[in-house]
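Please consider the sequence and the structure shown below. The paragraphs that follow lead through the chain from one local feature to the next.

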Amino acid sequence: MTVHSAQSDQPGLALSRYVVASEAFVERGSERVHRLVLATRSGRIFRFDATLWEDLCKGRFSRVPAPAIERLIEANLLVGDRTGELAEVLRENDAAISKTTRLYQVIQPSAFCQLGCTYCGQTHSRRRLDEANQKRILERIERKLRNRRYDLLHVGWFGAEPLAGLASLRALSPCLKEIASRHGADYSAHIVTNGVKLDVATARELATEHNVQSAEITLDGPAREHDARRFFKTGGPSFDRILANLIDVARQPDLPLALRIRCNVDARNAHSVEQLIDVLADAGLAGRINVYFAPIHDWGNAASDLALAPETYARNELDWTVYAMSRGFSMGLLPTRKKIVCMAVQPDSEVIDAYGNIFNCTETPYVDAYGSPNRHRIGTLQHDDVNRSVNRFGVFNADVADGSYGCSKCPMLPVCGGACPKSWNEGQAACPSFKHNMPDRLLVAHALSKLVDSLEELECSEEGV
Ligand code: SF4
Ligand code: SF4
């Protein structure tokens, strides 16, 4: 439900522009009509009597009890100055960027991937990070740790397929840990992998020797749909091998590696998402892995031509989410405040590819469509300096402040951050699904909380017997 402002009956008090309301509903056993309202600046959710909510929307604050007004001000649902809110949200975002104590670096140890996914925009080669570039990476990261106080160095091992460069990862990882420790910072990592090489031995090595805390693996449906999109370059199917790895790794009781499945969805495989959930649940993976869904996006190509319409995707996604919950998976429904949209806006964060090129965005390396040299390249390991102004990703918040994108007028900005500077720069709205299904998410989350409450009551009464 879109919320519009109105004339206030109390000067200096207004309804925040950062609120999202559900449709009106009536609880079972009650005759009162309510609405759920999310204040996106604070992430707090309120259940309002529909009349009270109407008073708030119409600026009739004198009808609202003073203690309630206090609580709503504290939650940033009521504000003193609506017109200054965008600037305030962006100020908080900029402050979070400048104050961060987490140094995030993405390293692509290989330019190769065994798979030839239909929607991939990358061109792969057998190139791996060589010793000279490994040494430059270590010097570069140490310089950053020396120049500024960081509590954590976090590395994302990314592709092409990072496990195709396992030798480089093995060589770099102990040195990265040592550098972080020398500068008083902790060290952690995650990996985004196709899962083909993620057997138990590799997963154990990643987790126990290289501080890799989580792995993200893509499965685009059950075997038939996945294999039609994510097949080996040599032509064979990949699903069975990836799933076997996943099951083996997830069943290790003492392996501290969180597994997350990403399912890329477009019009071709949307019908099969629930089948994938069934496959994973039937394999006993509920409670052991996490699952999330993502609409297919352009990667310097026209992959998104096959995407579902955003509203259709959002509607389906909520159904898949509820279905996954019904099969025992833990799913996130409500976003929290997001102050740093992505690495592109963090001046110290870089993506380094296997050739020694440096970027500010994970989706730009190895993409021939971005030219030669790649127009998004901000530098190379041969030179200390980079030029982040080759694109406008890094000044995204300033562009939002100027009203360049829809984000400047969007009530989701505090919990979305703008989603993806690259997409907006390429003229595509980057909106996550919750832009379209948040009112329903609120209702589902509320229904679930009621269900949990009623279950607890049942348990109590049984205990009392
Ligand atoms: S600009 Fe978009 S694609 Fe690039 S790192 Fe940020 S969120 Fe990812
Ligand atoms: S990306 Fe979309 S949902 Fe997110 S703030 Fe911008 S307009 Fe809103």
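**A guided reading of the model**

Tyrosine 366 is placed in the loop that runs between β14 and β15. The model in which this loop is seen is a predicted one. The phi angle of tyrosine 366 is near 65°, a positive value in a residue that is not glycine. As a general rule, most residues other than glycine have a negative phi, and most peptide bonds are trans. Is tyrosine 366 buried or exposed? Tyrosine 366 counts as buried, because 27 C-beta neighbours lie inside 10 Å, and 20 or more are required for that class.

The loop between β14 (357–359) and β15 (379–380) also holds proline 373. Serine 372 and proline 373 are joined by a cis peptide bond, whose omega is about 0°. A further cis peptide bond leads from glycine 159 to alanine 160, here with omega near 10°. Alanine 160 belongs to the loop between β8 (152–157) and α5 (166–182).

A positive phi is found again at alanine 419, where the angle is about 70° although the residue is not a glycine. The loop that contains alanine 419 connects α12 (413–416) with α13 (421–425). Alanine 419 counts as buried because it has 20 C-beta neighbours inside 10 Å, and 20 is the number at which that class begins.

Alanine 419 also leads to the ligands, since this residue is listed in the shell of ligand 2. Which residues surround ligand 2? The shell consists of Gly406, Cys407, Cys410, Met412, Leu413, Cys416, Gly418, Ala419, Ala429, Ala430, Cys431 and Lys435. By class, nine of the residues around ligand 2 are nonpolar, two are polar and one is charged. Around ligand 1 stand Cys342, Met343, Ala344, Cys361, Thr362, Glu363, Phe393, Cys420, Pro421 and Lys422. The shell of ligand 1 divides into seven nonpolar residues, one polar residue and two charged residues.

The domain assignment gives a wider frame. Domain 1 is made of two segments, 14–85 and 435–464, whereas domain 2 covers 101–308. How far apart do the C-alpha centres of domain 1 and domain 2 lie? The separation between these centres is 38 Å.

Two helix pairs may be taken next. Helix α4 (residues 131–147) and helix α5 have axes that come within 10 Å and cross at roughly 20°. The helices α4 and α5 are therefore roughly parallel to each other, a description that applies to angles under 35 degrees. The crossing of α4 and α5 is right-handed. In the second pair, helix α9 (residues 273–282) packs against helix α10 (residues 310–326) at an angle of about 20°, and the axes are 10 Å apart. That angle makes α9 roughly parallel to α10. The crossing of α9 and α10 is right-handed.

The remaining positions link parts of the chain that are separated in sequence. Glutamine 114 lies in the loop between β7 (102–107) and α4. Glutamine 114 and valine 196 are separated by 82 residues in sequence, while the distance between their C-alpha atoms is 8.3 Å. With 18 other C-beta atoms within 10 Å, glutamine 114 is partly exposed.

The loop between α1 (50–57) and α2 (66–74) contains serine 62, and arginine 60 lies in the loop between α1 and α2 as well. Serine 62 and aspartate 9 are 53 residues apart in sequence, and their C-alpha atoms are 6.8 Å apart in space. Arginine 60 and alanine 14 stand 46 residues apart along the chain, with 9.7 Å between their C-alpha atoms. Why is serine 62 classed as exposed? Serine 62 is exposed because 12 other C-beta atoms lie within 10 Å, and the exposed class takes in residues with 12 or fewer. Arginine 60, with 16 other C-beta atoms within 10 Å, is partly exposed.

A last pair is given by leucine 334 and aspartate 385, which are 51 residues apart in sequence and 40 Å apart from C-alpha to C-alpha. Leucine 334 is located in the loop between α10 and β13 (350–352). Leucine 334 is partly exposed, with 14 other C-beta atoms within 10 Å.

Definitions and conventions
Residues are numbered from 1 along each chain as its sequence is written. Chains are lettered from A and ligands numbered from 1 in the order in which they are written. This is a predicted model: local features need pLDDT of at least 70, side-chain atom pairs count only at pLDDT 80 or more; totals for chains, interfaces and linings use all residues. A residue is near a molecule or strand if its C-beta atom, placed from the backbone, lies within 6 Å of it. Ala, Val, Leu, Ile, Met, Phe, Trp, Tyr, Cys and Pro count as nonpolar, Asp, Glu, Lys and Arg as charged, and the others, Gly among them, as polar. Domain bounds come from an automatic or database domain assignment. Helices (H or I, at least four residues) and strands (E, at least two) are DSSP runs, numbered from the N terminus. Axes are lines fitted to C-alpha atoms, for helices over the stretch in contact, and angles run from 0 to 180 degrees between N-to-C directions. Angles under 35 degrees count as roughly parallel, over 145 as roughly antiparallel, 65 to 115 as roughly perpendicular and the rest as oblique. A crossing is left-handed if the near helix is turned anticlockwise from the far one by less than a right angle, and right-handed if clockwise.
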